[in-house]
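Let's walk through this structure together, starting with a single chain and working outwards. Keep the 3D view open as you read.

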There are 2 protein chains.
Amino acid sequence: MSRANSAATKVTDAAPVFAALGDETRLRLVSRLCVEGPLSITSLSDGAPVTRQAITKHLNALAAAGLARGTRHGRESIWEIEPARLRKAQGYLDQISDQWDAAIGRLKAFVEEE
Amino acid sequence: MSRANSAATKVTDAAPVFAALGDETRLRLVSRLCVEGPLSITSLSDGAPVTRQAITKHLNALAAAGLARGTRHGRESIWEIEPARLRKAQGYLDQISDQWDAAIGRLKAFVEEE
DNA sequence: CGTATATGCAACCCAAGGGTTGCATATACG
DNA sequence: CGTATATGCAACCCTTGGGTTGCATATACG
């Protein structure tokens, strides 16, 4: 089942990425940025149940995890998704489920061997 | 790119799952359970840099996220992975990256239309 | 039955994280 | 130039979460 699974990174490296995705507000930001493309901070704050400052903090958290990137254009800073890290997160989950598949395979082989 | 993507769940539902995976200790537990199969708490604690109680807490956190399940056998409780949730987490990431792909597609179409 | 092993429960500690308010700063625009 | 808009910075609050220690409980085993 594993998709093109390039990096053979240590699985535990994924923790910060998952942690970044593990917040509803941030996940919603990621989703919006994916769907609507690059947006300014105020745009992202519109309709959000929290303050603009909170949004800023979350964006910085996403940036720290390498999931998003913001650049200043004039008086507003535009944020966009960093797709590479998203792919990498998928790779991590694939690694884990591959391990699980392999374990199932070994178990089945062991049982049938009896 | 999207794999067999069954559930059309709200993306934000994924947050608790990612949050559960967003801790190095827990991610290591998940990995070990995938590779080595069902294990007892003390087995999982052996070699870990933290206390058995800490491991127990993390296992309960994984259980709360639906990622693992423990059943008591005699005097020890054996923990195993709940693969369904793992698949679901993959589905979430697929949803997000699909959205991103779609956005790219639209952008490209828009540019070429000019 | 007595002891060692495997967990569970509970209280407690402390740092991190999400959220807010208030104010400063910088850029667009008439 | 003056004003409105878009952000940045910093201090502060409070809850959550990871981790620990101490003790109770239950089961395997000689």
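What follows goes from the fold of one chain to the pairing of the two chains, and then to the DNA.

Before anything else, bear in mind that this is a predicted model. Start with chain A, where you'll find 5 helices and 3 strands. Follow the chain along its sequence and the pattern reads α-α-β-α-α-β-β-α. Of the 114 residues in chain A, 32% are buried. What about contacts between parts of the sequence that lie far apart? Take the contacts in chain A between residues at least 6 apart in sequence: 58% of them join residues at least 24 apart.

Now find the sheet. The strands of chain A form an open sheet of 3, with antiparallel pairing and the order E1-E3-E2. Strand E1 (39-40) and strand E2 (68-73) of chain A are the edge strands, each pairing on one side only. Between E2(A) and E3(A), which run antiparallel, there are 6 bridges. If you'd like a spot to check by eye, go to A:Gly70, whose bridge partner in E3(A) is A:Trp79.

Two helices are worth picking out against this sheet. Helix H2 (residues 24-36) of chain A packs on it and touches E1, E2 and E3 of chain A. The direction of H2 makes about 90° with that of E3(A). Then there's H4(A), which lies across E2 and E3 of chain A and runs at about 120° to E2(A). Hang on to H4, as it comes back when we get to the DNA.

Next, bring in the second chain. How are the two copies related? Chain B superposes on chain A (RMSD 0.0 Å) after a rotation of 180° with 0.0 Å of shift along its axis. The two copies are therefore related as by a two-fold rotation axis. The same surface serves both copies, too: 100% of the contact residues of chain B recur in chain A.

As for the contact itself, 30 residues from chain A and 30 residues from chain B take part. On the side of chain B that touches chain A, helix H1 (15-21), helix H2 (24-36) and helix H5 (83-113) of chain B each supply at least two residues. Which of the elements gives the most to that side? That would be H5(B), with 11 residues. By class, this side of chain B divides into 19 nonpolar, 7 polar and 4 charged residues.

That leaves the DNA. Around strand D there are 20 residues, and the closest are A:Ser40, A:Thr42, A:Glu76, B:Thr51 and B:Gly74. Both chains have a hand in this surface: helix H3 (41-45), helix H4 (52-64) and strand E3 (76-81) of chain A, along with helix H4 (52-64) of chain B, each supply at least two residues. The largest share, 5 residues, comes from H4(B). The surface near strand D has 4 nonpolar, 10 polar and 6 charged residues.

Turn to DNA strand C and you'll count 19 residues around it, with A:Thr51, A:Gly74, B:Ser40, B:Thr42 and B:Glu76 coming nearest. Here two or more residues each come from H4 of chain A and from helix H3 (41-45), H4 and strand E3 (76-81) of chain B. H4(A) gives the most to the surface near strand C, with 4 residues. By class, that surface has 4 nonpolar, 10 polar and 5 charged residues.

Definitions and conventions
Residues are numbered from 1 along each chain as its sequence is written. Chains are lettered from A and ligands numbered from 1 in the order in which they are written. This is a predicted model: local features need pLDDT of at least 70, side-chain atom pairs count only at pLDDT 80 or more; totals for chains, interfaces and linings use all residues. Copies are superposed by least squares on the C-alpha atoms of residues with pLDDT of at least 70 in both. Two residues are in contact if their C-beta atoms, placed from the backbone, lie within 7 Å. A residue is near a molecule or strand if its C-beta atom, placed from the backbone, lies within 6 Å of it. Ala, Val, Leu, Ile, Met, Phe, Trp, Tyr, Cys and Pro count as nonpolar, Asp, Glu, Lys and Arg as charged, and the others, Gly among them, as polar. Two strands pair if DSSP finds at least two bridges between them. Axes are lines fitted to C-alpha atoms, for helices over the stretch in contact, and angles run from 0 to 180 degrees between N-to-C directions. A residue is buried if 20 or more other C-beta atoms lie within 10 Å of its own, exposed if 12 or fewer, and partly exposed in between; C-beta atoms are placed from the backbone.
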